[in-house]
Amino acid sequence: MYRDARYIITGLVIFVGLMTFPFWSNAGRAAPAPAPNLDTPAIRQLPAKQCIEATQYMRAYHMQLLNDWRTQVVRDGKEIYVASDGKQYTMSLENTCFQCHSNKAEFCDQCHTYAGVEPDCWSCHIEPKENK
Amino acid sequence: METSRRNFLKLGGAWALGLAILPAVKGFAANNPEHLVNPKAMAGKRWGLVIDMQKCWPRYQAGCRRCFDTCRREHNIPDIGNKKEEIKWIWTEPYGDAFPDQQHELMAEDIKNNPFIVLCNHCDKPPCVRVCPTRATFKRQDGIVMIDYHRCIGCRYCMAACPYGARSFNFRDPRPYIKELNPAYPTREKGVVEKCTLCVERIDTGLPPACVEVCPAKAITFGDLEDPSSEARQLLKNRYTIQRKPELGTHPSIYYIV
Ligand code: SF4
Ligand code: SF4
């Protein structure tokens, strides 16, 4: 009855090893923290380097904000966003966000790669031509 | 833990309190943003078009394709170059195909042989909306039938339901087949259905559909079909007009003067 214990335990060890592979294979290797580059012509022109909402908020919630924009524009035909400081913006990835953040590789990809997320926005929304 | 009536009520109370303060918490977390309709947006109850083919034909025959070309450019419509995978928002059909139940063998030659501009009819009772399982296809308040490409799963029920063949399926990534990319408008991706949107992006900023604007013959009239004073309604009142396949009861919002 206990003859198979050997095989079962070996199997278990191999299984646990495989399942935890991503953890130990990365151990001790720290990925460099992303430092998104804000240097684009449009941002350089801004008197105050401030996005439509506070930086902390954008960092944590830009995906919710964009998802919200999508619903408002596509489903409800609303297309103006009133920011918390009362300023109004057109809710558009191409025509609002990318006007300032024209450096996708620097600004978007760095963090997305670091965080291991692959948003598929770019399969439809046209990424800005990078300007150096 | 013992589940007593007292504990149950306490939990319920905490839950109700949570619900009561949820909006406040949400408001705080989401900066309480506001979304507004563009003040320039056109307001209508049921947008539609009246297409005067008599005005179009002299130009069309001379090679005018302004409405098609403009639409293609504005909306990044690919040119796949193969009939089976063609993506079309606005195109032409011969009379017999556009109006199959409204023909007879002795039809006037010029009507029988001339191309009719066709597009999604933005039906008032759209079967495509009824069958879409994800609500990706929906009818807006102003009568425009839209597809939300973020939600489309490519099941193509809508294509089967549309009796006008107004929808196209993206069998492949359309990007490489777009001649001039318009960076201000998104493209589509492989696996979604697309069609004419009556230029909602323009209507919501106060502009008429692009095909209406560019037609040099002013053959296409845009207007609110619920508003008796609109230009479209005036045409409908004074001219003889037909619709595509009215017998199906989809109530198309596109009318033709022949
Ligand atoms: S023409 Fe077809 S796609 Fe357009 S609203 Fe009518 S049924 Fe739907
Ligand atoms: S193909 Fe897309 S739009 Fe059409 S019915 Fe399916 S989910 Fe809806």
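Modeller: Contact here means heavy atoms within 4.5 Å. The model is predicted, and the cases below are read with that in mind.

Colleague: Which residues is I51(B) in contact with, leaving aside its neighbours within four places in sequence?

Modeller: The general idea comes first. In soluble globular proteins, nonpolar side chains tend to be buried together. In this structure, I51(B) is in contact with I117(B), L119(B), A219(B), I220(B), I254(B), Y255(B), Y256(B) and I257(B), with neighbours within four places in sequence left aside. The largest nonpolar core has 60 residues, and I51(B) is among the members that touch the most others, together with L49(B), F116(B) and Y256(B). Another core lies apart from it; this one has eight residues, including L65(A), W69(A), A83(A) and M91(A).

Colleague: Which residues does T241(B) touch beyond four places in sequence?

Modeller: T241(B), which belongs to strand 10 (residues 241-242) of chain B, touches V50(B), L236(B), Y255(B), Y256(B) and I257(B). Of these, Y255(B), Y256(B) and I257(B) also appear among the contacts of I51(B).

Colleague: How should one read the buried residues of a helix, and which are they in helix 6 of chain A?

Modeller: An α-helix has 3.6 residues a turn, so residues three or four places apart point the same way. In helix 6 of chain A the buried residues are K104(A), C108(A) and H112(A). Because they cover an arc of only 40 degrees around the axis, they are on the same side of helix 6 of chain A. These buried residues pack against helix 4 (55-76) of chain A. As to length, the twelve residues of helix 6 (residues 104-115) should span 16 Å at 1.5 Å a residue, and the end C-alpha atoms are indeed 16 Å apart. Just after this helix, G116(A) takes a positive phi of about 70 degrees.

Colleague: How many residues of helix 1 of chain A are buried?

Modeller: The number is zero out of 15, so helix 1 of chain A lies largely in the open. Its span from first to last C-alpha, over residues 5-19, is 21 Å, close to the 21 Å expected at 1.5 Å a residue.

Colleague: Which sign does phi take at R135(B), positive or negative?

Modeller: Most residues other than glycine have a negative phi, and most peptide bonds are trans. R135(B) has a positive phi, near 60 degrees, and is a residue other than glycine. R135(B) sits in the loop between helix 6 (127-131) and strand 5 (137-139) of chain B. Its relative accessibility is 61%, and R135(B) therefore counts as exposed. C199(B), likewise not a glycine, has a positive phi of about 55 degrees. The place of C199(B) is the loop between strand 8 (193-194) and helix 8 (200-203) of chain B. With a relative accessible area of 6%, C199(B) is buried.

Colleague: What can separation in sequence and in space show for P216(B) and R59(B)?

Modeller: The two separations are read side by side. P216(B) and R59(B) are 157 residues apart in sequence, and their C-alpha atoms are 8.3 Å apart in space. P216(B) touches R59(B), along with C64(B) and R66(B), when residues up to four places away in sequence are not counted. P216(B) lies in the loop between helix 9 (210-214) and strand 9 (220-224) of chain B, and at 30% relative accessibility it counts as partly exposed. For R44(A) and W24(A), 20 residues apart along the chain, the C-alpha atoms are separated by 43 Å. R44(A) lies in helix 3 (residues 41-45) of chain A.

Colleague: Which residues is V82(A) in contact with, leaving aside its neighbours within four places in sequence?

Modeller: V82(A) is in contact with K87(A) and Q88(A) of chain A and with P33(B), E34(B) and L36(B) of chain B. V82(A) is found in strand 1 (residues 80-82) of chain A and is buried, with a relative accessible area of 11%.

Colleague: How many residues surround ligand 2, and of what classes are they?

Modeller: Ligand 2 is surrounded by 13 residues, of which C132(B), C152(B), C155(B), R156(B) and C158(B) are the closest. This shell has nine nonpolar, three polar and one charged residues. Around ligand 1 there are 13 residues, and C120(B), N121(B), C123(B), C128(B) and C162(B) come nearest. The shell of ligand 1 divides into nine nonpolar, two polar and two charged residues.

Note on methods: Residues numbered from 1 in each chain as written. Chains lettered and ligands numbered in written order. Predicted model: local features only at pLDDT ≥ 70, side-chain atom pairs only at ≥ 80, totals over all residues. Heavy atoms only, no water. Near = heavy atom within 4 Å. Nonpolar A, V, L, I, M, F, W, Y, C, P; charged D, E, K, R; others polar. Core = buried A, V, L, I, M, F, W, Y, C linked by side-chain atoms within 4.5 Å. Buried < 20%, exposed > 50% of the residue type's maximum accessible area, 1.4 Å probe, protein only. Helix = DSSP H or I, 4+ residues; strand = E, 2+ residues; numbered from the N terminus. Expected span 1.5 Å × (residues − 1). Arc of directions from axis to C-beta.
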